[in-house]
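Colleague: Before I rely on any label in this model, I would like each one set against the rule behind it. Could we go through them in turn?

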Amino acid sequence: MSQPVVLLVEDEPAQRAVLSYNIKAEGFLVLEADNGEDAVHETRERLPDLIVLDWMLPKMSGLEACRRLKLREETKYIPIIMLSARSEEFDRVRGLETGADDYVVKPYSIAELIARVKVQLRRTRACAVGEQLEYGDIRLDGETHKAYRAEKEVKLGPKEFRLLSTFMEKPGRVWTREQLLDRVWGHEIYVDTRTVDVCIGRLRKSLCQFGGEDPLRTVRSVGYSLG
Ligand code: CA
């Protein structure tokens with residue numbers, strides 16, 4: 001697996017330097033930007049595996065940058081961790097509504113932030129950039145984030161894609177709803193296990209749209225597995 005690439009967007013030089021140092025120490029490659037505009041531009045040059053994005057930034061706010069990145073096809077799957085000095089519930093909700101995958105309030109502990117970076121990467125790197133996952137006639141392309149069944153493209157939303165890549169990582173393994181919530185939704189706070197069932201339903205429908213057997217198995221009172 002190639003070295004994960006983290007795009008770090010922080011306008012305060014001292015904070016950026018400390019974060020960059022610590023993320024590199026984990027073996028990740030770090031790209032840096034000091035404003036929202038450059039951050040969005042940077043992703044057109046090279047797609048990172050994860051973005052750490054400060055909320056208050058010059059030129060374009062982190063919130064607006066996050067919104068734009070989550071709207072673009074090539075970048076909407078990239079997990080974004082928002083950093084913010086604001087801790088009011090209202091802002092937290094706004095951050096998550098914009099599509100941020102996690103939200104860390106300043107001042108944060110570096111260790112905690114690194115731990116959250118790892119959680120997000122674990123969720124998405126199942127199907128990392130350039131990797132292909134195959135199961136039966138299902139294929140996931142980690143580079144383009146496209147899914148195929150019998151070589152026909154299956155359109156999936158970001159959550160369904162993550163769900164399927166989690167299953168395809170370990171076919172036959174039975175996942176509980178809680179484990180799937182953790183892997184696919186991470187720290188989002190307004191989801192419960194019912195959300196998993198709804199998303200599984202959508203994934204099943206998409207996978208069976210051209211016919212073929214339902215590859216997902218419901219394991220009663222436990223959860224779900226692929227095959
Ligand atoms: Ca700032």
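**Labels and their cut-offs**

Modeller: The structure holds 17 salt bridges. This is a predicted model, in which local features need pLDDT of at least 70 and side-chain atom pairs count only at pLDDT 80 or more, while totals for chains, interfaces and linings use all residues. Residues are numbered from 1 along each chain as its sequence is written, and side-chain values use heavy atoms, with hydrogens and water left out.

Colleague: What makes the contact of arginine 162 with aspartate 101 a salt bridge?

Modeller: The term asks for a side-chain nitrogen of Lys or Arg within 4 Å of a carboxyl oxygen of Asp or Glu. The closest N and O atoms of arginine 162 and aspartate 101 are 3.5 Å apart, so the pair meets that limit. This salt bridge links distant parts of the chain, 61 residues apart: arginine 162 is in helix H6 (residues 158–169), and aspartate 101 is in the loop between helix H4 (89–97) and E5. Helices (H or I, at least four residues) and strands (E, at least two) are DSSP runs, numbered from the N terminus.

Colleague: Why is arginine 162 called buried?

Modeller: Buried means under 20% relative accessible area, exposed means over 50%, and partly exposed is in between (1.4 Å probe, protein chains only). Arginine 162 has 6% and is therefore buried, and aspartate 101, at 2%, counts as buried too.

Colleague: How do you know that the side chains of arginine 139 and glutamate 151 meet in a salt bridge?

Modeller: Their N to O distance is 3.0 Å, which again satisfies the rule. Arginine 139 is in strand E7 (residues 138–141), whereas glutamate 151 lies 12 residues away in the loop between strand E8 (146–149) and strand E9 (152–154). Here the labels are not alike, because arginine 139 is buried at 17%, while glutamate 151 is exposed at 55%. Glutamate 153 and lysine 155 also meet in a salt bridge, at 3.6 Å, N to O. Salt bridges that share partners join Glu10, Asp54 and Lys106 into one network.

Colleague: What makes Asp11, Asp54 and Met56 donors of the calcium ion?

Modeller: Donors are N, O and S atoms within 2.8 Å of the metal (3.2 Å for Na, K and Ca), and sites may look incomplete because water is not among the atoms. Asp11 (OD), Asp54 (OD) and Met56 (O) lie 2.1 to 2.4 Å from the calcium ion, so they qualify. Aspartate 11 is in the loop between strand E1 (5–9) and helix H1 (13–25), and aspartate 54 is in strand E3 (residues 50–54), 43 residues apart. Aspartate 54 is buried at 4%, whereas aspartate 11, at 31%, counts as partly exposed.

Colleague: Which residues gather in a patch of negative charge?

Modeller: Asp11, Glu12, Asp34, Glu37 and Asp38 do so, on the surface. Patches take residues with over 30% relative accessible area and no salt bridge, joining like charges within 9 Å and nonpolar side chains (Val, Leu, Ile, Met, Phe, Trp, Tyr) within 5 Å. Among the members, glutamate 37 lies in helix H2 (residues 36–45) and is partly exposed, because its relative accessibility is 42%.

Colleague: Why is lysine 59 called exposed?

Modeller: Its relative accessible area is 65%, so lysine 59 falls in the exposed class. Lysine 59 is in the loop between E3 and helix H3 (62–71), with a positive phi of about 70 degrees although it is not a glycine.

Notes. Areas by Shrake-Rupley, 256 points an atom, 1.4 Å probe, with all protein chains shown as cover. Lys, Arg positive; Asp, Glu negative; His and termini not counted. Charge placed at Lys NZ, Arg CZ, Asp CG, Glu CD.
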